[in-house]
Amino acid sequence: MSPSSPPPLSSAVFICISFLALMISPSAALTCSSQTFTHNQVYSNCLDLPYLSSYLHFSYNSSNTTLSIAFIATPSKSGGWIAWAINPKATGMAGSQSLVGYKNSTTGTVQVHTYDISSYSSIVAKDLSFEVWDKTAESRRDGSLAIFAKIKVPADLAASGKINQVWQVGPSVGTDGRLDKHAFAVSNLQSKGTLDLKSGQSSTSSGGDDRLKKKNIHGILNAVSWGILFPLGAMIARYIRTFESADPAWFYLHAFCQVSAYAIGVAGWGTGLKLGSESSGITYSTHRNIGIALFVLATVQIFALFIRPKKDHKYRFYWNVYHHSFGYAILVLGIFNVFKGINILKPEDKWKTAYMIVIIALGGISLLLEAITWVVVLKRKSRKSTKPCDGYNNGQS
């Protein structure tokens, strides 16, 4: 080794540092502090917002209560929209005074418009309740959009030094400027928080977490009741009763499954009503109406336990028609509505996959039992038809 060569340890450290530097990709290091703008705007604060891969740059002049902002986000689909808003009175979307940016489909330029979101059902392009000026927007090379504006912060908010911020991304914009509905995934529902104008910090609300827990409870209760226990109880009644040795155990198992499913389903139905009452303006009509129909059908079905005629009663045939018809209707509507709920809640794919595996397994078991019970029934009929009658001459006259 020559005198000018570095010591072995120094060489190793140098190589390790160089390797790590090469391994860190530019995208992994991307934060708001590395972002630049076409016109070289500079802001005193920037935040990596916790949801929807969004960023907020801002400066606040307390002497004249002026807030300068640059909001960066990527629309959920090409041709979609991004929005950043201040809610003067609440923490959610309803009541927000919003800046919305999207690319004009005709000219290709990015536009900024103001929307007064007085309620979930009323999203109107109009002037905001406070002064806004210097509204511009730009399209960025990575496909994201940036909104720029200066805002006169209302006196009461300026006095507290804090504002409620809401941000969102959507899939498309109608030709009349109507914003198409955004997704209702966890990240969309939790994209809100409090912005401290003085410290430059942001905090997110825990209300979204509480609401998400309620939705998860609602989904789990209904998936277990309408989507698993009711089908299982129907399978017991259809297939297990075929085996004479299972009588009357099959009946008690069937009743236990259906009563348990009904109790759990009513609890899930109640949580759904509670969620609906807390979400004025957000309606899932099909999911809600099917849920109401299931509750009514299941309630009537439960009464079948109390009005069940004996097997030889003249009304037993009509009772069977009513009981089976309602049962199969609950079975089909229940499974269908569970999938509707999964599409609304949008959990991780593994949960939808898990439920599909359960349903496929129940379906496969049903097909197998269907074949087995038909064989049992046909053999039983065959034995009865070939059995000699009692009497003289081996049953012959």
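Accessible areas here come from the Shrake-Rupley method with a 1.4 Å probe. On that basis, the surface of this chain adds up to about 23,400 Å², and carbon and sulfur atoms own 62% of that area. Keep in mind that you're looking at a predicted model. There's also a disulfide to look at, and its two ends come with their own burial values.

**Overall picture**
- The chain has 397 residues, and 37% of them count as buried.
- Its secondary structure breaks down into 8 helices and 12 strands.
- Take the contacts between residues at least 6 apart in sequence: 58% of them join residues at least 24 apart.

**The disulfide**
- The count for the model is 1 disulfide.
- Cysteine 32 and cysteine 46 make this link, with their sulfur atoms 2.2 Å apart.
- The link of cysteine 32 and cysteine 46 is right-handed, with 60° about the S-S bond.
- Cysteine 32 sits in the loop between helix 1 (8-23) and strand 1 (45-48), while cysteine 46 belongs to strand 1, so the bond ties together parts that are 14 residues apart in sequence.

**How covered are the cysteines?**
- Cysteine 32 has 5% relative accessibility, so it counts as buried, with the cut-off for that label being under 20%.
- Its partner, cysteine 46, comes in at 28% relative accessibility and therefore counts as partly exposed.
- Cysteine 257 also counts as buried, because its relative accessibility is 8%.

Notes
Residues numbered from 1 in each chain as written. Predicted model: local features only at pLDDT ≥ 70, side-chain atom pairs only at ≥ 80, totals over all residues. Heavy atoms only, no water. Helix = DSSP H or I, 4+ residues; strand = E, 2+ residues; numbered from the N terminus. Buried < 20%, exposed > 50% of the residue type's maximum accessible area, 1.4 Å probe, protein only. Contact = heavy atoms within 4.5 Å. Disulfide = S-S within 2.5 Å.
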